[in-house]
There are 2 protein chains.
Amino acid sequence: MRIAVDVMGGDHGSKVVVDGARLALKAFPSITALYLVGNQAEINSAIAATRFNDPRIEVVHASEVLSMNDRPLVGLRRKKDCSVLRAIDLLKDGKADALISPGNTGGVVAAATIKLRPLEGVDRPAIVAVIPAPENDFVLVDAGANVECRPLHLLQFAIMGSVYAREILRCHRPRVGLLSVGTEEIKGNDLTQEAFKLCKQVDLNFIGNIEGHDLFANRVDVVVCDGFVGNIVLKTCESLATNIFRWLRRELKKNPKRQLGALLAKGAFRTIRQRTDPESHGGAPLLGLNGNVVIAHGSSRERAIMNAIGQAVKALQNKINLVITREIAAASVRLCKSIPQAAPATA
Amino acid sequence: MRIAVDVMGGDHGSKVVVDGARLALKAFPSITALYLVGNQAEINSAIAATRFNDPRIEVVHASEVLSMNDRPLVGLRRKKDCSVLRAIDLLKDGKADALISPGNTGGVVAAATIKLRPLEGVDRPAIVAVIPAPENDFVLVDAGANVECRPLHLLQFAIMGSVYAREILRCHRPRVGLLSVGTEEIKGNDLTQEAFKLCKQVDLNFIGNIEGHDLFANRVDVVVCDGFVGNIVLKTCESLATNIFRWLRRELKKNPKRQLGALLAKGAFRTIRQRTDPESHGGAPLLGLNGNVVIAHGSSRERAIMNAIGQAVKALQNKINLVITREIAAASVRLCKSIPQAAPATA
């Protein structure tokens with residue numbers, strides 16, 4: 001498999017991304033070609049610094065960078081030779097099978113949607129975030145690609161999230177829940193009420209509406225919502241977890257007795273830290289496009305980049321796009337009356 | 001001040017609520033009358049069991065209960081003599097100044113909105129939840145009263161939340177943020193983009209859009225969102241925090257070394273537990289109505305009920321409805337062109 005890596009646009013500069021790609025080449029022998037896309041001089045000096053040479057590496061020059069501050073559509077229009085567009089071109093031209101980018105999320109979503117187009121039967125690609133919980137990791141979809149959604153989009157997110165949980169996380173018959181404000185079918189807003197009716201008609205292990213209370217209590221494997229709610233939930237959870245542990249650390253340092261206690265109990269903290277390590281996933285796939293795209297966190301370090309590439313490798317090995325297309329088609333047959341009435345795909 | 005307590009409908013039965021009311025009578029001497037509304041026989045036996053007699057107590061009989069499983073509007077139509085309606089009648093008839101109910105939230109919101117009507121200039125009442133964070137407690141509004149909102153509603157929530165943070169939480173010039181998916185004005189959905197334009201025109205310490213990342217990092221005092229997002233955020237945070245500490249407790253029990261460590265460090269856990277104790281607030285005010293309403297958690301125990309009553313006492317002492325009316329009117333003047341175009345209040 002052939003992977004394109006957008007080397008520019010991460011918070012820690014291109015060297016970290018190049019180093020992450022190098023780790024991935026060691027870890028995943030199934031990679032046959034790895035394109036490092038970005039400023040050629042910068043990439044070559046990063047490669048030279050590591051003294052790592054691998055015939056699978058090819059540097060593809062791009063003279064511009066879509067920065068975190070660029071407004072996605074404006075930036076993409078102005079910076080025609082930016083690394084993310086050049087990297088996506090490799091997928092579009094059939095030279096690469098997957099893209100990893102730690103850059104501007106909105107920019108990656110917009111560029112990939114416009115250039116690669118959604119899969120047959122999919123209206124909008126969605127970001128799939130894996131969230132660690134004490135007893136099960138669950139999937140949140142859409143974690144931020146689509147701020148405004150229609151009910152059919154949520155159904156498609158439910159199917160894509162379910163395929164991901166089953167094929168990649170190896171979750172048997174994933175429980176799919178619609179994030180709402182009450183468990184009864186009539187609870188929620190217009191969007192979720194309509195999406196509920198669609199979800200219960202197709203072949204999903206649909207458990208109905210779920211509430212915020214259910215998320216970390218091993219009651220659901222796939223949490224479905226629009227990208228506005230999903231992005232807020234994802235970032236709120238990251239913030240709350242980080243700040244709880246920061247607060248605890250501060251309290252544990254307050255006197256020698258507590259410090260000794262913390263030292264004796266450090267194994268407990270380590271176990272939780274390891275299970276919730278954001279670098280272990282490294283990135284969130286953008287599912288539903290003709291091509292595999294993984295969006296890495298802007299703050300990704302080497303190991304996160306390696307694992308984001310690993311996500312793409314797994315998606316390719318499991319032919320996830322083929323499975324999604326098949327299951328979306330099967331759902332369309334079940335909803336034979338609803339689907340044709342839907343508006344055409346808009347990016 | 002005269003307080004009506006809906007004694008029925010909580011998860012732990014009427015005795016717990018009666019006991020909570022008894023604690024409140026001791027704690028808040030400014031209470032001149034306390035109406036216990038519900039099944040008279042049950043209430044009288046609860047009072048007899050505590051051997052507590054206070055001339056300020058008056059029992060008001062209601063033959064029915066709106067249960068947690070009742071659909072709010074259907075239930076209120078069918079159960080005309082339910083305790084929450086009887087209690088609200090006391091406010092409507094000028095016999096009580098505030099209501100506390102641990103019952104069906106949707107039922108309390110619907111009944112109070114229909115019977116008491118919104119304050120002058122307010123379209124919809126909103127639930128104000130106080131959320132503890134390591135360095136500041138912040139206010140989330142609306143935490144679940146309004147699933148579908150218009151931009152003007154969010155502006156009113158912002159004003160009510162700001163008044164609450166200033167007058168009740170004693171937060172000087174509260175920072176008001178609009179919960180969205182990016183900090184720039186153009187980020188967010190149609191609702192938040194329009195609400196942004198309104199919020200920046202009025203006299204608020206409006207800091208613009210905030211993201212999930214900002215919530216627990218002492219960057220905002222009033223978080224404004226519609227009730228769908230707010231309810232999901234509130235319940236997700238409760239679930240995540242509960243499950244993190246449950247997980248930690250499980251890990252800390254795994255071997256004797258960790259157990260000893262936990263024992264030595266227990267002061268750190270206790271500090272956090274005390275600061276985040278949900279019973280310390282006891283309830284969330286439903287602001288924006290002609291009358292003071294506090295919605296207590298269904299699972300409230302005695303101390304939570306007492307503190308919920310304390311919330312109502314503080315709201316009355318600080319004449320919060322007067323301040324809200326004044327500030328909403330001032331905002332209307334500033335928005336003199338926008339406000340008259342708004343649709344009339346709908347409950």
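# Briefing: a predicted two-chain model

In chain B, strand S1 (residues 2-6) runs parallel to S4(B), and 3 bridges join the two. That pairing is one detail of a predicted model in which a rotation of 180°, with 0.0 Å of shift along its axis, superposes chain B on chain A at an RMSD of 0.0 Å. The two copies are thus related as by a two-fold rotation axis. Below you will find notes on the strands around S4(B), the contact between the chains, the domains of chain A, one of its helices, and a few backbone features worth a look.

**Strands around S4(B)**

- Strand S4 of chain B covers residues 98-101, and its residues are buried on both sides: Ala98(B) and Ile100(B) point one way, while Leu99(B) and Ser101(B) point the other way.
- Towards S1(B), the residue standing opposite Leu99(B) is Ala4(B).
- S4(B) also pairs with strand S11 (residues 292-296) of chain B, in the parallel sense and over 4 bridges.
- Within that second pairing, Ala98(B) has Asn292(B) in S11(B) as its bridge partner.

**How the two chains meet**

- Chain B puts 49 residues into the contact, and chain A puts in 49 residues.
- On the side of chain B that touches chain A, the elements giving two or more residues are helix H8 (227-252), helix H9 (256-264) and helix H10 (266-275) of chain B.
- H8(B) provides the largest share of that side, with 20 residues.
- Sorted by class, the side of chain B that touches chain A holds 27 nonpolar, 12 polar and 10 charged residues.
- Because 100% of the interface residues of chain B are also interface residues in chain A, the copies meet through the same surface.
- If you want to find the rotation axis on screen, start from Gly261(B): of the residues of chain B, its C-alpha comes closest to the axis, at 1.8 Å.

**Domains of chain A**

- The domain assignment splits chain A into domain 1 (1-119 + 288-318) and domain 2 (126-280).
- Taken over C-alpha atoms, the centres of domain 1 and domain 2 of chain A are separated by 26 Å.
- Domain 1 of chain A brings 12 residues to the contact between them, and domain 2 of chain A brings 11 residues.
- On the domain 1 side, helix H5 (105-116) and helix H11 (302-317) of chain A each supply at least two residues.
- The largest share of the side of domain 1 that touches domain 2 in chain A comes from H11(A), with 5 residues.
- By class, this side of domain 1 of chain A has 4 nonpolar, 5 polar and 3 charged residues.

**Helix H2 of chain A**

- Helix H2 of chain A spans residues 40-50, and its buried residues are Ile43(A), Ala46(A) and Ile47(A).
- Viewed down the axis of H2(A), these buried residues fall within an arc of 100°, so they line one face of the helix.
- The general pattern helps here: an α-helix has 3.6 residues a turn, so residues three or four places apart point the same way.
- The cover over the buried residues of H2(A) includes helix H1 (14-27), strand S2 (33-38) and strand S3 (57-61) of chain A.
- Turned away from the buried side, the other face of H2(A) carries the exposed residues Ala41(A), Ala48(A) and Ala49(A).
- Just after H2(A) comes Arg51(A), which takes a positive phi of about 50°.

**Backbone features to check**

- In chain A, the peptide bond from Val141(A) to Asp142(A) is cis, with omega near 15°, and Asp142(A) lies in the loop between strand S6 (138-141) and helix H6 (151-167) of chain A.
- In chain B, the bond from Val141(B) to Asp142(B) is cis with omega near 10°, and Asp142(B) sits in the loop between strand S6 (138-141) and helix H6 (151-167) of chain B.
- Arg117(A) is not a glycine, yet it has a positive phi of about 65°.
- The loop between H5 and strand S5 (126-131) of chain A holds Arg117(A), and this residue counts as partly exposed because it has 16 C-beta neighbours inside 10 Å.
- Arg173(A), also not a glycine, has a positive phi of about 45°.
- You will find Arg173(A) in the loop between H6 and strand S7 (176-179) of chain A, where Arg173(A) is exposed, with 11 other C-beta atoms within 10 Å.

Technical notes: Residues are numbered from 1 along each chain as its sequence is written. Chains are lettered from A and ligands numbered from 1 in the order in which they are written. This is a predicted model: local features need pLDDT of at least 70, side-chain atom pairs count only at pLDDT 80 or more; totals for chains, interfaces and linings use all residues. Copies are superposed by least squares on the C-alpha atoms of residues with pLDDT of at least 70 in both. Two residues are in contact if their C-beta atoms, placed from the backbone, lie within 7 Å. Ala, Val, Leu, Ile, Met, Phe, Trp, Tyr, Cys and Pro count as nonpolar, Asp, Glu, Lys and Arg as charged, and the others, Gly among them, as polar. Domain bounds come from an automatic or database domain assignment. A residue is buried if 20 or more other C-beta atoms lie within 10 Å of its own, exposed if 12 or fewer, and partly exposed in between; C-beta atoms are placed from the backbone. The arc is that of the directions from the helix axis to the C-beta atoms. Two strands pair if DSSP finds at least two bridges between them.
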